[in-house]
Amino acid sequence: MKKRSLIGVFATLASLFLGGCGHLDLTPEGNPDRVLTGVVEFNGEPALTADSIVVIRVVDPTGITETSPAQVIGSPSTAQSTPVLPPKVLGEQIIKNPGSTPVSFRIEYTAADEQLRRGLNIEARVSFGGKLRYFNVNSYAITLNNVSDPHTILVNRVN
């Protein structure tokens, strides 16, 4: 009887220790060399001038929104709302005189799966005449779920 209970205890302990390993992610990491493709569309069809410049960036925003939960409830002071870390540009394409709209882009960048789990941002800016004229108001994110999909970025006119 004593031997049976001892075996039962060991079996229970083994199942507890081995059962905890079920949540481990054993899938291999993806290749960190990535390519983002897509188009920049305009709210309305503008006529882009010959001096137009379109800049599209893949940005890791880590640090921009690092605010403790206690600070979210109230209005943070200026010192509290400043970024802890600046965003990091992982890849960029600058297209001079893009011609007609929409503007196609292709950006090569390096990002680990961990960065894509947190999410990366896509930023688009269009300038001509020496001034910023269009930018994306909405946030566009790259995650593990959509990393290989083409992205459509809508830019709005600067008021």
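**Strand β1 and its surroundings in a predicted model**

Strand β1 and strand β4, the latter spanning residues 103-110, run antiparallel to one another and are joined over 8 bridges. Within this pairing, V39 has S104 of β4 as its bridge partner. The coordinates discussed here belong to a predicted model, and the account that follows should be read with that in mind.

Strand β1 has a second pairing, with strand β8 (residues 151-157), and here the sense is parallel, with 5 bridges. In that pairing V40 stands opposite I153 of β8. β1 thus pairs with β4 in the antiparallel sense and with β8 in the parallel sense.

The side chains of β1, which covers residues 33-42, can be sorted by face: R34, L36, G38, V40 and F42 lie on the covered face, whereas D33, V35, T37, V39 and E41 lie on the uncovered one. Such a division follows a general rule, because in a regular strand the side chains alternate between the two faces of the sheet. Of the two residues already met in the pairings, V40 belongs to the covered face and V39 to the uncovered face.

Beyond β1 the chain enters the loop that leads to β2 (53-60), and S52 is located in this loop. Is S52 buried or exposed? With a relative accessible area of 1%, S52 counts as buried, because the limit for that class is under 20%. Leaving aside residues up to four places away in sequence, S52 is in contact with I95, K96, N97 and P98, and also with S127 and F128.

Taken as a whole, the protein contains 4 helices and 8 strands, and their order along the sequence is α-β-β-α-α-β-β-α-β-β-β-β. Of its 159 residues, 28% count as buried, and the accessible surface comes to about 10700 Å², with 58% of that area belonging to carbon and sulfur atoms. Among the contacts between residues at least 6 apart in sequence, 72% join residues at least 24 apart.

Confidence varies along the chain. The mean pLDDT of the protein is 81, and 73% of the residues reach 70 or more. Strand β4, the antiparallel partner of β1, has the highest confidence, at 96, while helix α2 (residues 69-73) has the lowest, at a mean of 49. Over residues 63-71 the pLDDT is below 50, and in the model this stretch makes 10 contacts beyond its near neighbours in sequence.

Key
Residues numbered from 1 in each chain as written. Predicted model: local features only at pLDDT ≥ 70, side-chain atom pairs only at ≥ 80, totals over all residues. Heavy atoms only, no water. Buried < 20%, exposed > 50% of the residue type's maximum accessible area, 1.4 Å probe, protein only. Pairing = 2+ DSSP bridges. pLDDT = per-residue confidence, 0-100. Contact = heavy atoms within 4.5 Å. Areas by Shrake-Rupley, 256 points an atom, 1.4 Å probe, with all protein chains shown as cover.
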